[in-house]
Amino acid sequence: MKALLKIIKNKNNIHHLRSIYFGSLLLSLLLSTPLFAQTPAYIHYTLEDGLPSMQVYNILQDSKGYIWIATSLGVCQFDGTTFHTYTTAQGLPNNNILYLEEDPDQAIWIQTAQGQTARIQGEEVEVKATSIFGDRTVRSGDIAIDYAQSLLYFRDSLEQQLLPKQKSYFKQPISCRFDEDTRHIWLGTWGGGAFYCRNFQTDSLVVASYLADKTITDIQVDSEGNTWFATLGEGVYLLTNRYVRSYTVNNGLAHNEIHSLQIDKKGHIWAGSSKGTLAHIGSDTLINHDVGSGFNAYNRIHDIYLDDQENQWLSMDEGLLVRKPASQKQFLVYLNACKKVIPSTKDRYWIATYTQPVELDIFQGVEVNRIPVQQINSLCEAGTAALWLATNNGLYYYANDTAFYWGKKENILSKRINELTLDKEGRLWMAMDGYGVVVKKGKLLLQIHTEHGLPSDICQAIHVADNGTVWVATNKGLGKIQLNEMEPASLSIHTYTYLDGLASNHVNDVLVENEQVWVATHKGLSVFKEGELNTKRLPPPIYLKGLQIQNEDTTLQKKYVLDYDQNNLKIHYIGLSYKTDGNIRYYYQMEGVDTTWQTTTASSMQYSTLAPGDYTFRVKAIDKAGVMSKQTASVQFHIHQPYWERTWYQVLLGVLALGVISLLAYLIIQYFKNRNEIRRRLVESEQMALRAQMNPHFIFNSLNSIQYFITENDKKSANLYLSTFSTLIRKVLDHSSQSFISLEDELEYLHLYLSIEALRFRDKFNYQIKVPNTIDIDEIMIPPMLIQPYIENAIQHGLLQKKVGERELLIEFDLKEEELLICTVADNGIGRAKAQALKAGRPRNEHQGIGTTNPKARLEILNQLHKAKIQVHFTDLKDTDGTANGTKVEINIPVFYG
């Protein structure tokens, strides 16, 4: 090592480094004493946590799993998060509670320092005159003064049970006792703490001390295996794991923040701190060495490497320090901050500096090689003359003077790597900063993160044990990984945190040797045997704690029937796992709202605006080890619809609405019916008036004809005409009051009318009426006297004005698709144009007759009365040379059936 006294040079001897601090120093022995007792990590409950008093006398776990605590200022029910306290305000006879007991009805009985008894069930407190506490009586007076006598309710004198050589363990009076079994018991003492005795009353007795110098009033072990200590004046201590012990400044360490670990050939542990101190833990001693520039200076020892001569190579913020325990000398051989050292060849070492990796010839004292890669955090061998490099920028592989950057090939390998190591199978394990653990085997990559069970994705260090188990130090606990194949299905992860007894969750390094696990944390050095921590975990019980409806507390029930405006619900629940210290996850579902199960860490869930319907809320608890409660806490809700949405209301509203609508419809219908009736009557009166206008005209002409026959002394013709005329008049009178008559009656009327006109004009024209046999003349109904005016027009203005040739009149009926009756009136008279010319040449005061205007006016009235319209079409008939040869009138009458 003489060469280390030289100035370290680079391999070309071109550039000298800064002056290096070196020397030959005696080892700085800060402390060399018998090994201080390691202490476990406790959870300490005080006034700040909600405990009503620091004077605690009794602890009980009830059949549901709740912890009850008797204090000088009331009794508490503790669920791992909240202390629910009962005092005289809730009905207790006195606040100074000494004893607790549970009866078969799951009620809690309390006894006060004055001997008073009360029973607590739910929220009800009842003072009792009787007692279930037997002969456990106490004297009145100050509890602290009378403690040693008053709280000793067992009288078997433990002193007599101790073997002679065992009595030296217990210098203070025994205050309480808890038997795990006949050979494993807990003893509490007055001012001497608690003792766990294995193989009690045998020659192989092993005694472990806990809470030294504390006055222990009660000890209880709960269903999870946690140990509870009630103290006089210092609250309650919870020990979640008695098998984990820790070294801290309270029992020998120079500093709590431990950064690196190593084990020597003797099995002794070396622990490097953040303040440049090195702790040496032997079988019965703990020795602290100051190896930095000064005690308490910030100088992290990142790594400890032991060579074949057990020389210690310490990679520190101040540089690389070599310690030779054999000669009690130490040398600072490199000034730049170092992260890790590994051997290169027999005489050379690779040093991971923050700037670049350097290969150092330890005999020549010179740098023989530099790798052009910066910000190195760790390195390890990758075969002959090859290295894996962990950097802030990811993974590098160095061989044959070339550094290959894997970050270009795989994105995950471009992230910061804090440490890396190889296992026996040649797999490269990398502790990533924010990306969990990455395993590389050839071209295969596997990323392990929190979703697989890792306590955190920020990994500080990684260690492969001899059995192949991989241990990962994270900022949220310690992870143990077992991986068979390069796939997640073969992955198994278990986590350890301060709830398992670690000094802190912030773990910087881990070392495993012969099942002994050493954990370097920010708050001390913890140690445990792996097998002792792998105890079976009980599923945490889950309970509903309370319910608020519209922000008001209500009594817990299994089912609630609520009004529509009681739809703001807040459900409180609790999973009991004191080993988890309240850090429980919950798996819940509100059936009717959530389609799948949800996860939360909140111990209550609020639903502000539930719609009417049926709901079931279910919840389970999951402890920190991932164990889920077997049972499910549940509660059902039925929220009524608002009255305006209920069936009876809607039916009633519908009936009322229907009644109102019906009444309005009736009134409207009646209004229009009356209006239409008045209109119909008015139209019919107009129609009758029109018919009345035609009848006098026809009667006048007919009487003139009769007078003519009488004057001519043509009695036969006069009698015939008069008989036919009287029959026609009777028909007209019968039909004048009817809106519809049968086609048969209309044809009979037309025959009478045409026979009279033929007699009147002495057979000056011929007529013919054609009706097919397919027409049912007694079923078809038409308006009366609809066709007669058109026949009258044909006779008066067409046929009688013709001077030459035969005068022919054809009246023909046809039925089209049983819906339309077509009546055709055709004459071979002078035609409409010539008839209009003759009409225009007459004097204005000359009687024109109403037959020509009456049909049109009446047709308009009839079409107002009925939806189906009557249509009339006129056609002028002409010869082949274009001479007018009569007129054809086609009347389309919608069929009405009687």
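Two strands count as paired when DSSP finds at least two bridges between them. With that in mind, a good place to start in this predicted model is strand β4, which spans residues 67–71. Its partner β5 covers residues 74–78, and the two run antiparallel, joined over five bridges. Here T71 sits opposite G74 in β5. Just two residues lie between β4 and β5, and the pair makes a hairpin.

Strand β3 (residues 56–61) also pairs with β4, again in the antiparallel sense and over five bridges. In this pairing, N58 is found opposite A70 in β4. The hairpin of β3 and β4 has five residues between its strands, and G65 takes a positive phi there, near 115°.

As for cover, β4 is mostly tucked away, with five of its five residues buried. In a regular strand, side chains alternate between the two faces of the sheet. In β4, I67, I69 and T71 point one way, while W68 and A70 point the other way, and all are buried.

Further along the chain, the picture turns to helices. Helix α6 takes in residues 743–760 and helix α7 residues 788–799; their axes come within 11 Å and cross at roughly 20°. Angles under 35 degrees count as roughly parallel, so α6 is roughly parallel to α7. The crossing itself is right-handed. On the α6 side, the contact brings in E746, Y749, L750, Y753, L754, E757 and R760, which meet Q788, I791, E792, I795 and Q796 of α7. Sorted by class, this contact of α6 with α7 holds six nonpolar, two polar and four charged residues.

Notes:
Residues numbered from 1 in each chain as written. Predicted model: local features only at pLDDT ≥ 70, side-chain atom pairs only at ≥ 80, totals over all residues. Heavy atoms only, no water. Axes fitted to C-alpha atoms, helices over the stretch in contact; angles between N-to-C directions. Helix = DSSP H or I, 4+ residues; strand = E, 2+ residues; numbered from the N terminus. Parallel < 35°, antiparallel > 145°, perpendicular 65-115°, else oblique. Left-handed = near helix turned anticlockwise from the far one by under 90°. Contact = heavy atoms within 4.5 Å. Nonpolar A, V, L, I, M, F, W, Y, C, P; charged D, E, K, R; others polar. Buried < 20%, exposed > 50% of the residue type's maximum accessible area, 1.4 Å probe, protein only.
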